[in-house]
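Biologist: Before I trust the words people use for a structure, I would like to see how each of them is earned. Could we go through them one at a time?

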Amino acid sequence: MSNSSLRSSTPFRKLSELGEQIEAATKRLKKMYLAGEFLDSIPLEEVEAASLLLIGQPFPRTSQRTLDLDWSALSQILQELLNPPPNTISQFFSETGDIGEVVRRIYQKSGGIRQTTLFSIPLTILDVYQTFSEIADIQGSGSRKRKMTLLRSLFTRVTPLEAKYLTKLLFRDQRIGFSEGMLESTIARKYNAPLELVQRANMLRGNVGELARITRAEGVDGLQKVKLRPFTPLLPMLAARATDIDDVLQQYDDEWAFEMKLDGARVQIHLQENNGATETRIYSRRLTDVTASLPDVVNLVEQEISVFSCILEGEVIALGPDGRPLPFQNLMRRFRRIREVEMMTEKIPVTLFLFDLLMLDGEVLIDSSYGIRRESLSSICGSIPLVSQIVTRNTEEATRFFQKAIQEGHEGLIAKRIDSPYKPGSRGKLWLKIKQTMETLDLVIIAAEWGTGRRHKWLSDYHLGARDPETGDFQMLGKTFKGLTDAEFEEITQRLLELKIDQPGRIVVVQPQIVVEVEYDEIQRSPRYSSGMALRFARIKRIRYDKTPNEADTIQRVRSLFDSQFKRKSQSDEVG
Ligand code: AMP
């Protein structure tokens, strides 16, 4: 980079100051105005980076890049550079609950970094964006050390305020009240583009920063040219919860398609033929590329589906030898696998069930109805099974289908409106899920952690334990911060502080007194806790002040629920 371009590129300090102004502005419109003016004033080649950094994304949403650096890496760098007195970090943290603000205060208190030659060259927006990319690109042995070297190079060149914003980016914890959705609105307002067009282009492209640049450079015409491309995953459409079949039928006056809800992993499969060779990539629900872990699925799709290009959606589940689904955890072992994939492919074979088709031979189908998409899907899927489905408006028929799903070891049903388009990223009422509810458990709060962000004033992460009648102790089954209202957080915090026994770090250990009724999706095997079990998606249904800890559920009851749920699934958990 020449000196002149270095000079003309915008300092990161400006973006940090903008962050402060946006945070301080109370009105949405003011926030959007500030962002719009800024993005319009900087050189065009910085717009993508600045837009993404402003919403706290070091990389575009659909990018596969990750920094892989945690708090211990940053804390080591802070020690080396500033050597903050012991306890300052935890003290600042409990005062602010905002990790970026903690780092700013540490910089400020220690008087900042000593002037160095590097420091005299201010960090630019592009420096930060490019260095983050370089950090993400470092892989293999010794990578942590090399990543830390680059990170340190950034943190040696910053003012306290810039340190705050670098930290927020590092942990993707922006919290200035400026979301991706607000950036979309900003772009629409600033360049007179219809908001729907901006949203649609963003959904198709998966990089809102690129869109900001395209719109500023080419306006509405540029946005209209944005097309769905294979290998840019779309956010999955999700289902809202319905209480039961009647609840579904009441919500829309026509027939519904009921599909079995398989308890596996969502996959979005992109396939494209290029000069006679087929390329296939598989993305997880969180848009991570998991192709390398699923060579069997790639082979199957390439064998069975002969089209020029398509984007398919489905669920991958692991089936035991008896043909019943294995617990979700077994499947996850396949997904995390990068080495010894072949061995695991044999040990945990997976089965693919398809349920949607979002693009076929270049034609985008997300605006077509579910009915049409499903029909096209069945015409191209070869021998790959589609998720079982019935179309009805009859309560008894749908209830029988629900029971069949449960008997076969599945989670329940997803009802889909036949006339519905595919809405990426939305959890609306066009799809409704009906699950079998698990019996709730009455558990005791044995410790609690100070929350972060909005919840930082409260003890709001609760460690839940079941009673062990043999020892009189409580055995931990998991943590949750879900389910309580603000008033309940406030109240329970006071009570827990009265019950405090010890406070190692941010955890407050309490006398096991408060009983809470807990809902959850599943009991999983877990090496993390002494009970060997953990609750998946635990949430507090209500506080049971009417119950004493002696009336809480026992670990034996949890174990028997675990066993019964396990019988519902396959008998053969012991794979691998
Ligand atoms: P939930 O995670 O409870 O919000 O449910 C949504 C998830 O159900 C999706 O992400 C899929 O992984 C899964 N799923 C299972 N069967 C289906 C189906 N037939 N249609 C759509 N999603 C399904």
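## How the words are earned

Biologist: Why is Tyr-252 called partly exposed?

Modeller: Tyr-252 has a relative accessible area of 25%, and because partly exposed covers the range between under 20% and over 50%, that is the word it receives. Please keep in mind that this is a predicted model.

Biologist: What makes Trp-256 buried or exposed?

Modeller: Trp-256 has a relative accessible area of 0%, and since buried means under 20%, Trp-256 is called buried.

Biologist: How do you know which kind of aromatic pair Tyr-252 and Trp-256 form?

Modeller: Their centres are 6.2 Å apart, with 90 degrees between the planes. Rings pair if their centres lie within 6.5 Å, and planes over 60 degrees apart count as edge-to-face, so Tyr-252 and Trp-256 make an edge-to-face pair.

Biologist: And what makes Phe-355 and Trp-431 an aromatic pair?

Modeller: Here the distance from centre to centre is 6.4 Å and the angle between the planes is 80 degrees, so the 6.5 Å limit is met and the pair is again edge-to-face, the angle being over 60 degrees. Phe-355 belongs to strand E6 (residues 350–360) and Trp-431 to strand E10, so the pair ties together parts that lie 76 residues apart in sequence. Phe-355 counts as buried at 8% relative accessibility, and Trp-431 is buried too, with a relative accessible area of 2%. Together with Tyr-422, these two residues form one aromatic cluster, while the search of the whole structure finds five aromatic pairs.

Biologist: Why is the contact between Arg-105 and Glu-95 called a salt bridge?

Modeller: The N to O distance between their side chains is 2.8 Å, and because a salt bridge needs a side-chain nitrogen of Lys or Arg within 4 Å of a carboxyl oxygen of Asp or Glu, the pair qualifies. Arg-105 lies in helix H7 (residues 99–109) and Glu-95 in helix H6 (residues 88–96), so this salt bridge ties together parts that are ten residues apart in sequence. Arg-105, with a relative accessible area of 25%, is partly exposed, and Glu-95, with 41%, is partly exposed as well.

Biologist: What makes Arg-200 and Asp-367 a salt bridge, and how many residues apart are they?

Modeller: Their side chains meet at 3.1 Å, N to O, so the distance is within the 4 Å limit. Arg-200 sits in helix H13 (residues 195–205), whereas Asp-367 sits in the loop between strand E7 (363–364) and helix H19 (370–380), and the two are 167 residues apart. Arg-200 is partly exposed at 31% relative accessible area, but Asp-367, at 53%, counts as exposed, because exposed means over 50%.

Biologist: Why does the pair of Lys-435 and Glu-411 count as a salt bridge?

Modeller: The closest N and O atoms of Lys-435 and Glu-411 are 3.5 Å apart, so this pair is also within 4 Å. Lys-435 is in strand E10 and Glu-411 in the loop between helix H20 (395–407) and E9, 24 residues apart, and both residues are buried. In total, the structure holds 43 salt bridges.

Biologist: How do you know that Lys-435 makes a polar contact with the ligand?

Modeller: A polar side-chain atom of Lys-435 lies 3.3 Å from an oxygen atom of the ligand, and because a polar contact is a pair of N or O atoms within 3.5 Å, this one qualifies. Arg-427 does so too, with a polar side-chain atom 3.0 Å from a ligand oxygen, and a polar backbone atom of Met-260 is 3.1 Å from a ligand nitrogen. The protein covers 92% of the 490 Å² of accessible area that the ligand has on its own.

Biologist: Which residues make up the shell around the ligand?

Modeller: The shell divides into seven nonpolar, no polar and nine charged residues. Strand E10 gives the largest share, four residues.

Key. Residues are numbered from 1 along each chain as its sequence is written. This is a predicted model: local features need pLDDT of at least 70, side-chain atom pairs count only at pLDDT 80 or more; totals for chains, interfaces and linings use all residues. Side-chain values use heavy atoms; hydrogens and water are left out. A polar contact is a pair of N or O atoms within 3.5 Å; within protein, one must be able to donate a hydrogen and the other to accept it, and residues adjacent in sequence count only if both atoms are side-chain atoms. Accessible areas come from the Shrake-Rupley method with a 1.4 Å probe; for residues, only the protein chains shown count as cover. Ala, Val, Leu, Ile, Met, Phe, Trp, Tyr, Cys and Pro count as nonpolar, Asp, Glu, Lys and Arg as charged, and the others, Gly among them, as polar. Buried means under 20% relative accessible area, exposed over 50%, partly exposed in between (1.4 Å probe, protein chains only). Rings of Phe, Tyr and Trp (its six-membered ring) pair if their centres lie within 6.5 Å; planes under 30 degrees apart count as stacked, over 60 as edge-to-face and the rest as tilted.
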